[in-house]
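Please look over the chain shown here before reading on. The report that follows takes up its strands, one helix and an enclosed space.

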Amino acid sequence: MTLNVAIARALAIGPDSSAAERTIDITTLGARSGLPRRIEIWFHRVDGRWYLTGMPMPRSWYANLRVNPRFVVHLKHGVRADLPATAVPVDELTRRRVINAVLDLQNRPEIAARVGRRQSLDEWLAHSPLVEIVFDDERLRTRPASE
């Protein structure tokens, strides 16, 4: 398997992907310090595009990306690769569509047990960070949902 095929497979997550398959690291630059900050996070794919979001509360990674939108996605399951990207704000229609898809996942029994409670759409829409991941490599942009 070539590296490009392995990367495509790692990015081809969907609603049935495991927690491990959707777990990545990202490296952002600190909003105040400018220093690299690496964290583990889940990423999501909705309608062939990739997104980062999180529980409805302030997140350092989001504050960092608002100031410095360039970051690196570190794939670590199935393939190890560092993919430069840009965090792009989303419009309200996209926000609603992506948050709904993420909550469908969050409210599944096997995930909800880890989260501890059913997630509220209104709370997520009002307070959750959300950005689209746009990879520098054009070959990685917008994959059909069927892949």
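## Strand S6 and its neighbours

Is S6 mostly covered or mostly open, and how many of its residues are buried? S6 is mostly covered, with 5 of its 6 residues buried, where buried means under 20% relative accessible area, exposed means over 50%, and partly exposed lies in between (1.4 Å probe, protein chains only). The model is a predicted one, in which local features need pLDDT of at least 70 and side-chain atom pairs count only at pLDDT 80 or more, while totals for chains, interfaces and linings use all residues. Residues are numbered from 1 along each chain as its sequence is written, and side-chain values use heavy atoms, with hydrogens and water left out.

S6 runs antiparallel to S3, to which 4 bridges join it, and in this pairing Trp50 stands opposite Ile133 in S6. S6 also pairs with S5 in the antiparallel sense over 4 bridges, and here Val134 in S6 is the bridge partner of Thr86. Strands and helices are DSSP runs numbered from the N terminus (helices H or I, at least four residues; strands E, at least two), and two strands count as paired if DSSP finds at least two bridges between them.

## The barrel and helix H3

These pairings belong to a closed barrel of 6 strands, in the order S1-S2-S3-S6-S5-S4, with antiparallel pairing. Neighbouring strands of this sheet are turned by 45 degrees against each other on average, direction ignored. Within the barrel, S2 (residues 36–46) and S3 (residues 49–53) pair in the antiparallel sense over 4 bridges, and Val46 stands opposite Arg49 in S3.

Helix H3 (residues 60–67) lies across S1, S2, S3, S4, S5 and S6, running at about 50 degrees to S1. Contact here means heavy atoms within 4.5 Å, and axes are lines fitted to C-alpha atoms, for helices over the stretch in contact, with angles from 0 to 180 degrees between N-to-C directions.

## The cavity

A cavity is a set of points on a 1 Å grid over the protein atoms alone where a 1.4 Å probe fits but cannot get out, and its lining residues have an atom within 4 Å of a point. By this rule there is 1 cavity of 30 Å³ or more, and the largest cavity has a volume of about 40 Å³, the volume being the space filled by probe spheres set on the points, which are joined across faces, edges and corners.

Among the residues that line the largest cavity are Ala10, Glu21, Phe43 and His77.

Note on methods:
1 Å grid on protein atoms, 1.4 Å probe; cavity = no way out; pocket = protein on both sides within 12 Å on 5 of 7 lines; lining within 4 Å.
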